[in-house]
Amino acid sequence: MLQADQISKSFGPVKVLDGISIALEPGRVHAVIGENGAGKSTLMRILSGYLEPSGGGLLWEGAPIRFASAFEAERHGVVLIHQEILLADDLSVAQNLFLGREIRRGLMVDDAAMDRRTRDVLAELGTAIPADSEVRRLSLADRQFVQIARALLVPNKVVIFDEPTAVLTPVETEKLFVVIRRLREVGVAVLYVSHRLPEVKAISDTVTVLRDGRHVTTAPTSDLDPIDMARLMVGRDMAKLYPARSAGGGAVVLAAEGISVPGYVEDASFKLRRGEILGFGGLVGAGRTELFEGIVGLRPSRGGLELHGKPVHFTDVRASMKAGITYLSEDRKGKGLLLDEELRENLTLAALDRFARGGVMDVPAEEEALDGAISRFDIRVGRRNLLARQLSGGNQQKLFLAKMMLLEPRIVIIDEPTRGVDIGTKQQIYSFLANLAAQGVAVVVISSEMQELIGLCHRILVMRGGRIAGEVSGDEMTEDEIVFLATGVHEIGVETAVEAARPA
Amino acid sequence: MSRLRYQLLEHRGTLLAAAVFAALFLVYISNYATGLNAAVATTVANKGVLLAIVAMAQTLPILTAGLDLSVGMVFVLANCLASELVVGGPLQTAFGIVVVLGAGLACGLLNGLIIVYGRLQPIITTLATGAIYYGLALWLRPVPGGDINSDLADAVTGQLPGGIPAMLAVLMAVVLLVWVPFRNSVTGRAALAIGSSETAAYMSGIPIARVKIVTYALSGLLAAIAGLLLTFVTYSGEASSSIGGTYTLNSIAAVVIGGTSLMGGYGSAIGSIFGAFALRTIGDLLFVLDLDPLWQPLFQGMILLVAVSLSALRLLKIRNRLDLFS
């Protein structure tokens with residue numbers, strides 16, 4: 001249907017794609033995998049008309065074609081479903097679905113017709129999102145479904161999914177897979193881009209691996225296991241993705257007793273020990289993030305909190321930072337980094353006072369710290385005066401880590417440490433966190449990736465509906481057990497989801 | 001990339017504003033009957049420095065992604081106060097100056113306190129407080145008048161040895177005593193961080209409240225310095241709402257011409273100074289080109305639009321339209 005023929009793309013002197021050919025066929029799901037910077041998103045953008053290739057071309061049913069814009073690609077039935085949520089928060093679901101292509105009756109928009117159509121489309125997707133609800137009120141996962149619904153509203157022959165499951169829980173992922181399978185049945189060509197290799201294994205027919213802008217291989221999915229895929233992506237053996245676990249379990253440094261964060265968390269109690277990595281699992285919206293936002297003083301909270309045996313209560317994040325607790329938000333772009341400032345300004349922001357003499361910034365000292373951070377965290381930059389925005393997701397996360405580690409915390413809480421990060425960087429982040437724990441720092445990892453929690457943590461607490469549902473450790477740390485605690489039941493849908501999310 | 005090229009890029013906003021000013025000034029001076037001499041330079045400086053300092057005052061809140069609509073009114077209030085207090089012997093004059101500057105600082109402080117603790121939008125807060133400051137000015141000086149220490153006024157608006165306008169030296173001193181320390185301080189860095197992303201700054205432990213209050217207070221101080229200088233130029237005080245309004249709006253235009261982002265997080269008061277001088281020269285240009293005064297506003301507007309577009313040139317180079325919005 002749609003084919004890329006020897007496509008190359010350069011941005012200035014940087015060649016990001018080098019002679020890539022792939023063919024999307026009707027009724028097939030074609031997955032494209034690769035590390036960050038491998039060229040996946042560039043390829044996607046070229047296929048969907050957002051970028052024009054610098055070399056090679058596209059073929060549409062065998063004949064050369066040029067998409068001058070995303071609009072033109074859409075007219076041919078090629079739609080890209082973006083990874084970022086691009087919706088107008090204050091408009092309703094129906095208004096968003098038809099934004100820019102409203103159904104009109106004369107000069108007026110026909111709200112009734114759009115609402116009806118929206119309900120039909122959402123029902124087809126198997127979701128129960130109300131058509132008249134403001135998008136602002138929806139969960140991240142629901143927004144993702146609205147975005148998918150919006151894309152599928154136009155007649156489509158080729159649908160490109162860019163990391164569609166990044167904000168979805170296993171159950172929701174399974175719902176999405178039902179949608180994708182239905183698209184496949186009606187003869188749509190699907191391109192599926194994801195970091196989650198077990199998902200790729202579960203949903204795709206064909207896999208193409210990219211590395212550093214080059215085509216590594218294209219093979220039937222049945223021939224590859226997730227571990228093979230990882231090896232092909234990175235070009236080296238990934239058997240040891242997770243570092244060896246340290247002894248863990250020293251003295252209790254943080255004890256929470258009956259913590260409540262109004263509206264999100266009820267009566268949560270746990271103990272965090274020196275030198276351990278404590279995982280927090282659960283579905284998106286279970287209150288994991290809010291619990292820790294409450295503990296560090298970002299949200300109002302009640303309950304008993306003891307730090308090194310002394311009762312504390314933080315109402316301001318500055319106070320908890322001063323006490324040695326560092327919280328790294330899952331939203332590193334919005335809450336972690338200053339995207340439009342340079343690396344140096346970003347690195348020292350949390351520890352400004354340490355880089356000042358009599359209230360005046362000591363730029364040479366900052367530069368020195370940046371040198372140290374670049375080498376210690378392996379931040380890969382061509383030049384130092386880049387803006388944080390210009391870094392890849394993995395390098396942003398490393399910069400964020402480097403920044404917060406300047407505070408020399410004794411307790412590190414890290415939320416979704418590897419979201420949107422390639423597998424090579426994941427490994428580096430894991431080994432960094434393990435080292436931190438080995439040095440006696442207490443680490444809390446909040447993650448939706450169960451494999452990550454199981455591979456990295458000494459113990460895992462699972463939250464459900466704002467409460468801590470249970471703890472698993474040792475041999476109990478299995479996806480089945482976590483999902484059971486996270487959902488409370490062994491539903492049929494859940495089991496399928498677990499099957500889908502587990503390496504075959 | 002070479003160090004030099006990087007430096008140029010980093011200061012491109014300021015450099016562009018300087019180039020715009022230089023070009024306009026060249027046209028102006030080559031059409032001026034007597035060409036450039038010390039007297040002409042002094043006149044240009046006396047007019048330009050006032051707006052330049054008000055524009056500096058405006059730059060600080062804008063760097064934090066705020067706005068101060070009261071700078072023009074603080075400027076007028078300081079002018080009225082100075083025409084009352086900065087008179088008599090050296091001691092009384094000095095005391096008067098301290099009170100005038102203190103009043104400006106207090107006005108800015110009030111703006112900051114309301115914005116931070118009242119959690120109000122800067123634009124509305126300063127619109128309201130600006131009206132209050134203007135009301136105070138009007139109460140102080142219902143009709144234009146007053147006086148100023150004329151020895152000091154003559155010195156400040158005159159020339160230094162070598163024919164350099166004294167006003168430029170005052171501007172230099174303000175830059176060195178207010179802007180440079182602010183720019184290099186922890187507070188200045190924090191202000192940029194707040195403008196870049198207030199959430200990220202907060203999560204990094206930046207004392208948002210303190211930094212914003214200091215920023216608005218400094219803004220008030222700078223506006224009052226300009227108001228004091230205005231009194232030296234006019235030898236009197238006048239509670240004119242049109243002067244206040246014009247200076248406020250022109251200060252925003254000067255900041256933009258100077259390459260500072262209205263979204264905050266990027267910019268420099270030095271750029272704003274050149275922006276202010278460029279803006280001033282536009283007005284004078286129409287005068288020397290002997291245009292019918294009726295056409296002046298129209299042409300002024302058009303040239304302003306061109307100047308602002310120049311500083312927005314870099315946006316045209318952004319190919320990915322999504323980057324425009326973020």
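In chain B of this predicted model, helix α3 (residues 38-63) and helix α8 (residues 166-184) have axes that come within 9 Å of each other and cross at roughly 15°. Because angles under 35 degrees count as roughly parallel, α3(B) is roughly parallel to α8(B). The crossing in which α3(B) passes α8(B) is left-handed.

The contact between these helices can be followed residue by residue. From α3(B), the participants are A45(B), N46(B), V49(B), A52(B), I53(B) and M56(B). They meet M167(B), L168(B), V170(B), L171(B), V174(B) and W179(B) of α8(B). By class, the residues of this contact of α3(B) with α8(B) comprise 11 nonpolar and one polar, with no charged residue.

Chain A can be read at the level of domains. Domain 1 of chain A covers 2-234, domain 2 is made of two segments, 240-324 and 409-504, and domain 3 covers 332-408. In the numbering, domain 3 of chain A therefore falls between the two segments of domain 2, since the bounds come from a domain assignment that gives domain 2 as 240-324 + 409-504 and domain 3 as 332-408.

Taken over C-alpha atoms, the centres of domain 2 and domain 3 of chain A are separated by 26 Å. Where these domains touch, nine residues of domain 2 of chain A are in contact with eight residues of domain 3 of chain A. On the domain 2 side, helix α15 (residues 423-438) of chain A gives the most, with four residues. That side of domain 2 of chain A has five nonpolar, three polar and one charged residues.

Definitions and conventions
Residues numbered from 1 in each chain as written. Chains lettered and ligands numbered in written order. Predicted model: local features only at pLDDT ≥ 70, side-chain atom pairs only at ≥ 80, totals over all residues. Axes fitted to C-alpha atoms, helices over the stretch in contact; angles between N-to-C directions. Helix = DSSP H or I, 4+ residues; strand = E, 2+ residues; numbered from the N terminus. Parallel < 35°, antiparallel > 145°, perpendicular 65-115°, else oblique. Left-handed = near helix turned anticlockwise from the far one by under 90°. Contact = placed C-beta atoms within 7 Å. Nonpolar A, V, L, I, M, F, W, Y, C, P; charged D, E, K, R; others polar.
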